[in-house]
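Biologist: Before I accept the labels put on a model, I want to see each one set against its definition. Can we go through them one by one?

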Amino acid sequence: MSLRAEGLRVRLGAAEVLHAVDFSADPGEVTAIVGPNGSGKTTLMRALTGELPHDGRVWLNGRDTAALRGWEMAALRAVLPQSTPLAFPFSVVEVVRMGQMSGLSAADPTLAARALSAVDLAGYENRFFQELSGGEQQRAQLARVLVQVWEPLGPDGPRWLLLDEPVASLDIGHQLGVMALVRDYARRGGGVVAVMHDLNLTAIGADKAVMMAQGQVLAAGPVPEVLTDAVLGEAYGCPLRVNAAPADGAVFVLPHSVGKVA
Amino acid sequence: MVALAEAPAAPPVADRLSRARRMHLALWALLALAATASLASGATGVSLGALFAGMTGAELSGVERVVLYDIRLPRLVLGALVGASLAVSGAVMQGLFRNPLADPALVGVSAGAGLGAITAIVLGAGVSWLAFTGIYTVPFAAFIGGWASTMILYRVSTRRGRTSVATMLLAGIALGALAGAASGVLVYIADDAQLRDLTFWGLGSLAGATWAKVAAAGPIIVAALLAAPFLARGLNGLALGEAAAHHMGIPVQTVKNAAILSVAAATGAAVAVSGGIGFVGIVVPHLLRLATGPDHRMLLPNAALLGASLLVLADVISRTVIAPAELPIGIVTAILGAPVFLWILLRRRGMIDL
């Protein structure tokens with residue numbers, strides 16, 4: 001009962017941008033995919049979700065995703081893309097209900113409102129989606145994704161949230177709120193895989209991390225083993241030193257200078 | 001996202017779905033009203049009284065019978081079918097392209113159908129094997145032209161089972177231009193009588209409506225209309241983009257294929273029997289989206305009803321304003337539709353951009 005991939009290769013145009021990547025994530029944990037720009041984080045995510053044609057195989061809860069139908073996948077995992085443009089003036093609640101219709105909780109009349117309140121958008125139901133700010137739109141999309149797999153544990157195993165930069169355009173309060181929300185989802189038995197840009201949020205929000213660099217996995221494992229001076233320096237090509245905050249031992253990232261690695 | 005500040009205060013959108021359901025009932029009433037007006041009006045004398053007498057079983061004179069059953073009724077049925085087909089095709093195409101200004105005319109389906117019809121009118125006379133198709137030659141050729149252009153478009157814009165909407169739009173413009181140029185060549189070599197035929201076909205008219213035409217176009221249009229509700233959820237999902245629709249379990253490629261085929265069939269059949277009738281496909285879905293929201297589950301059936309009603313009413317106008325002569329219906333829909341369209345654009349620019 002995990003999300004596992006072997007030998008993922010993705011070609012975009014003539015270039016291979018993902019080179020035989022192996023990946024695994026367990027339910028009950030938040031797994032962050034981190035790495036510099038263009039390292040293949042989003043490509044890996046899009047291969048895992050089946051959005052991009054790829055070589056290699058992906059198993060979700062032990063089932064080969066190539067053999068799963070679209071609606072079966074939709075009941076097992078929900079995906080938050082990096083950005084979701086919306087055509088036509090749908091209201092916020094109409095957008096959220098589209099996600100709800102795709103999952104197993106389609107009949108619950110109060111679910112959309114509860115999900116909106118979970119992402120701090122209570123009372124936004126009848127606003128036009130396009131009239132929200134960028135961060136509000138992203139949280140409304142997160143609500144749409146949440147209601148698709150609302151129960152973290154289904155009858156046939158865990159449900160999965162696959163999130164591509166879920167906190168990228170949020171203010172710091174909502175960044176922490178969303179990280180708390182997905183941690184709670186994992187704590188209740190669901191699986192969460194998130195592409196993350198912010199290393200400090202990764203450090204306090206994720207259990208496992210996968211460091212991508214140049215289309216390959218540079219390091220993978222518990223966060224303190226991945227976010228190390230050596231790994232970060234190699235991945236990002238700049239001197240970074242990981243420090244532990246004195247309070248509770250969580251690591252944080254502190255840039256020390258803007259020069260190249262010596 | 002542009003010009004949000006220009007949009008007027010957001011109308012209440014609470015529970016637009018049930019408002020759309022009430023609208024659905026109202027539109028059936030509108031269609032019934034339009035149908036009555038259509039049967040009761042025309043160049044010669046079947047009055048409203050005679051119409052009700054006919055419905056209650058009283059004897060009609062021979063002339064009244066012919067006018068009612070062989071002229072006005074097929075015309076009413078054909079008008080309703082064509083109107084519904086144009087409006088639903090427009091709504092489906094707009095949903096597919098995620099663009100409120102998309103229209104079958106935009107992706108070359110109408111241009112292809114036009115080329116087919118013009119080919120039949122100009123070259124058809126010299127081709128003996130075409131003779132067996134008789135009065136169907138022009139409609140049939142228009143249908144083939146629309147279908148073929150959609151197929152070419154589809155082949156150009158689909159790679160590895162994925163259709164690129166951007167490629168399709170651009171290819172549609174190119175194909176439309178090509179079909180227009182080919183049509184131009186044919187018009188250039190046409191003689192005077194053919195030019196007259198071409199002009200009238202191009203303006204669009206329901207004047208030639210017969211039961212034979214209803215029988216030729218009806219089944220295709222009805223099949224496309226019946227398929228539309230099954231596209232509704234897929235088109236709603238596509239509004240969030242193909243990736244999000246895919247993640248929500250919508251069979252994106254199947255929805256796209258079905259949408260393209262139903263639009264090609266319905267538009268080809270409609271253009272074939274009625275020529276170029278504009279603005280129904282773009283104005284009707286807009287009006288409904290503004291009134292009851294963009295949810296395709298009610299938008300598609302309501303578009304069918306409103307499109308049918310509006311085209312039947314436009315036909316009534318085309319028959320009565322300069323009676324006993326007739327104004328081609330394409331002129332009526334353009335005169336009524338274009339200002340409405342501009343008015344929508346001006347008043348709700350913020351909404352259209354969304």
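Biologist: Why is the packing of helix α4 (residues 109–123) of chain B on helix α10 (residues 252–274) of chain B called oblique?

Modeller: In this predicted model, the two helices pack at about 45°, with their axes 9 Å apart. Angles under 35 degrees count as roughly parallel, over 145 as roughly antiparallel, 65 to 115 as roughly perpendicular and the rest as oblique, so α4(B) is oblique to α10(B). The axes are lines fitted to C-alpha atoms over the stretch in contact, and angles run from 0 to 180 degrees between N-to-C directions. The crossing of α4(B) and α10(B) is right-handed, a term used if the near helix is turned clockwise from the far one by less than a right angle.

Biologist: Which residues make the contact of α4(B) with α10(B)?

Modeller: V109(B), S110(B) and A113(B) come from α4(B), and V263(B), A264(B), T267(B), G268(B), V271(B) and A272(B) from α10(B). Contact requires C-beta atoms, placed from the backbone, within 7 Å. These residues divide into six nonpolar, three polar and no charged; Gly counts as polar.

Biologist: How is a model of this kind filtered and labelled?

Modeller: Local features need pLDDT of at least 70 and side-chain atom pairs 80 or more, while totals for chains, interfaces and linings use all residues. Residues are numbered from 1 along each chain as its sequence is written, with chains lettered from A and ligands numbered from 1 in the order written.

Biologist: What makes strand β9 (residues 160–164) of chain A largely enclosed by the rest of the structure?

Modeller: Five of its five residues are buried, so β9(A) is largely enclosed. Buried means 20 or more other C-beta atoms within 10 Å of the residue's own; 12 or fewer would be exposed, and in between partly exposed. W160(A), L162(A) and D164(A) point one way from β9(A), and L161(A) and L163(A) the other way.

Biologist: How do you know that β9(A) is paired with strand β6 (residues 77–80) of chain A and with strand β10 (residues 191–195) of chain A?

Modeller: Pairing needs at least two bridges found by DSSP. β6(A) and β9(A) have four, in the parallel sense, and β9(A) and β10(A) have five, also parallel. L163(A) stands opposite L80(A) and opposite A194(A) in β10(A).

Biologist: What makes β2 (15–25) and β5 (63–64) of chain A edge strands?

Modeller: Each pairs on one side only. Their open sheet has the order β2-β1-β4-β5 (chain A), with antiparallel pairing. Within that sheet, β1 (residues 3–12) and β4 (residues 55–60) of chain A pair over five bridges, and R9(A) has D55(A) as its bridge partner in β4(A).

Note on methods
Contact = placed C-beta atoms within 7 Å.
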